[in-house]
Amino acid sequence: MREAVADRDRLEQVSEERAALEDNLERLRRTAEAGRREAVASLETRIDAEIAEGRRAVAAKKADIDRLRDDQQDLCNFKQEVIDFLTPGSKCKAAEAAVEKADQALDTLEGTLGQAEDDAAILADPELSPKQKLDRLGVGGEQSSVEREIDNGEAELAQRKAEQESLEQGQSSGVGWVVNQWAQSWKWLVAIALLVLFLPAALRIFSYFVLMPVVSRVHTPIRLAAGSESATAEVRTSAAQRTLPIELSAGEVLSARSEYVRPVQGKIRSRILYDPSAPFISFAAGLYFLSRITGDDGVTSATLASPDAPDAYLMRLDFQDHPGLVMHPKHVVGVIGTPDLQTRWRWGIQSFATWQVRYVMFAGTGSLIVQGVGDVVATDPRGRATRMEQNLVMGFDSRLTVGVNRTEVFWPYLRGKTPLVDDEFTGHAPLFWQKSSADGPRNPIARSFDAIFSGFGKLLGF
């Protein structure tokens, strides 16, 4: 592992050195190219001047040859030949030699001019690079200091490339791959860990000081029984018990969850749904797969108790001509009689705060058997606003006015000990609540963050 980490550090160093070499080579190549262009431009100027001078020299030499030939014609006649025969020397031969020398000089000048014109054609060729032009003209044979630096840099760059390829192969397999992946992702992992650690607290603070004050001001409390109250409506409650004995008179019917039914005296039958004419509502109310006990002329009784919650308490609620008792389905254990099963839908910002848009109601005359944890208590607000933690509320009388408010205890809420939203009840009718709840806040988003906090705490040994 140490070798893989060292190789990765060396790979980063080699990559930086390679990048620096490439930048330096590019600069040197630009410098060399600029020097070649300057050399080509200088050659073009010099050769253009040489061509102009050569053309003038050729023209002058041709004129000189014409003059010498005229002199030769004047000297090379019969009279001059006789004089040359009788006297030492020969003017005719001297004139012929002068013309011959002049022709040779003209050939040299014309050859030089032709070579200069060929060089000019090479320099003017747009398809050749400055380096190719200089090579063809034979002036690029000796390397300049810049070109020598380029050669040295290219050799060094080739060595760095080979070393980099070797290190990359080592990083792409085995422990090197693990080290490489960690080096690439550790910052994201730390950011995610910090997000998981601090985001729930930040959301709690934002919800407490920003979101809930707005919800409390703009929401409209609901009253589900508005317009359907009866002057004779009444509700009676029994004491909460761990095991609840029930005696049925002749013709009275108890429909209870089968797993809660203990000793039974009388006839008992199974029933899939509480109200077959309202299957969806029966299922939503938790009243399915029931045991149905019907009272007869003899003693008919049953004892109800929780099968798997030793801290569960049961309470019997008797109501008559009632507009509706609202109860969360998970708390309903059984129904005595045949009260109407109804639902009410409510939409708005309050539904967002409580995470509930549908309310299940039992209306008319009958009895409910409800279950709570630790204890079940019926509280009458007696006209004053009464707050209760959402996760402890089991149900309420539909004649109450129900709203929401922010919890007044910030630090317990921040620690996750109390929910953000309290239900607020006003009126002269009972609300039903349990002593404790293992579920915590009902909002699924809050439950998700609490689960993350709990898991992270366990990971750290808390």
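**Exercise 1. State where Arg-382 lies, and determine whether this residue is buried or exposed.**

Solution. Arg-382 lies in the loop that runs between strand 11 (358-379) and strand 12 (386-389). The structure is a predicted model, and the values below are computed from it. In this model the relative accessible area of Arg-382 is 67%. The cut-off for an exposed residue is over 50%, and Arg-382 is therefore classed as exposed. As to its backbone, Arg-382 has a positive phi of about 55° although it is not a glycine.

**Exercise 2. Carry out the analysis of Exercise 1 for Asp-321: in which strand is it found, and what is its relative accessible area?**

Solution. Asp-321 is found in strand 8 (residues 312-327). Its phi is positive, about 45°, although Asp-321 is not a glycine. The relative accessible area of Asp-321 is 37%. Buried requires under 20% and exposed over 50%, so Asp-321 is partly exposed.

**Exercise 3. Identify the buried residues of helix 4 and explain why they line one face of the helix.**

Solution. Helix 4 covers residues 130-137, and its buried residues are Pro-130, Lys-133, Leu-134 and Leu-137. Seen down the axis of helix 4, these residues fall within an arc of 95°, so they line one face. The general background is that an α-helix has 3.6 residues a turn, so residues three or four places apart point the same way. After helix 4 comes Gly-138, which has a positive phi, near 80°.

**Exercise 4. Describe the open sheet with the order 2-7-4 and name its edge strands.**

Solution. This open sheet has 3 strands, and their pairing is antiparallel. Its edge strands are strand 2 (243-248) and strand 4 (261-265), each of which pairs on one side only. Neighbouring strands of the sheet are turned by 15° against each other on average, direction ignored. Between strand 4 and strand 7 (residues 300-305), the antiparallel pairing extends over 3 bridges. Within this pairing, Gln-265 has Ser-301 of strand 7 as its bridge partner.

**Exercise 5. Describe in the same manner the open sheet with the order 12-15-14.**

Solution. This open sheet also contains 3 strands with antiparallel pairing. Strand 12 and strand 14 (401-406) are the edge strands, each pairing on one side only. From one strand to the next, the twist averages 35°. Strand 14 and strand 15 (residues 421-426) run antiparallel and are joined by 6 bridges. The bridge partner of Asn-405 in strand 15 is Asp-422.

**Exercise 6. Determine which strand supplies the largest share of the largest nonpolar core.**

Solution. The largest nonpolar core has 20 residues; among those with the most contacts inside it are Leu-287, Leu-317 and Phe-362. Strand 8, strand 9 (332-336) and strand 11 each supply at least two residues of this core. The largest share, 6 residues, comes from strand 8. Leu-287 may serve as a closer example: not counting residues up to four places away in sequence, it touches several residues, including Ile-272, Tyr-274, Val-335 and Phe-362. A second, separate core has 16 residues, among them Val-99, Ala-120, Leu-123 and Leu-134. Leu-134 is also one of the buried residues of helix 4.

**Exercise 7. Establish over which residues the pLDDT is below 50.**

Solution. The protein chain averages a pLDDT of 81, and 84% of the residues score at least 70. Over residues 457-462, however, the pLDDT is below 50. Beyond near neighbours in sequence, this stretch has 1 contact in the model.

Conventions:
Residues are numbered from 1 along each chain as its sequence is written. This is a predicted model: local features need pLDDT of at least 70, side-chain atom pairs count only at pLDDT 80 or more; totals for chains, interfaces and linings use all residues. Side-chain values use heavy atoms; hydrogens and water are left out. Two strands pair if DSSP finds at least two bridges between them. Helices (H or I, at least four residues) and strands (E, at least two) are DSSP runs, numbered from the N terminus. Axes are lines fitted to C-alpha atoms, for helices over the stretch in contact, and angles run from 0 to 180 degrees between N-to-C directions. Buried means under 20% relative accessible area, exposed over 50%, partly exposed in between (1.4 Å probe, protein chains only). The arc is that of the directions from the helix axis to the C-beta atoms. pLDDT is the predictor's confidence in each residue, from 0 to 100. Contact means heavy atoms within 4.5 Å. A nonpolar core is a set of buried Ala, Val, Leu, Ile, Met, Phe, Trp, Tyr and Cys residues joined through side-chain atoms within 4.5 Å.
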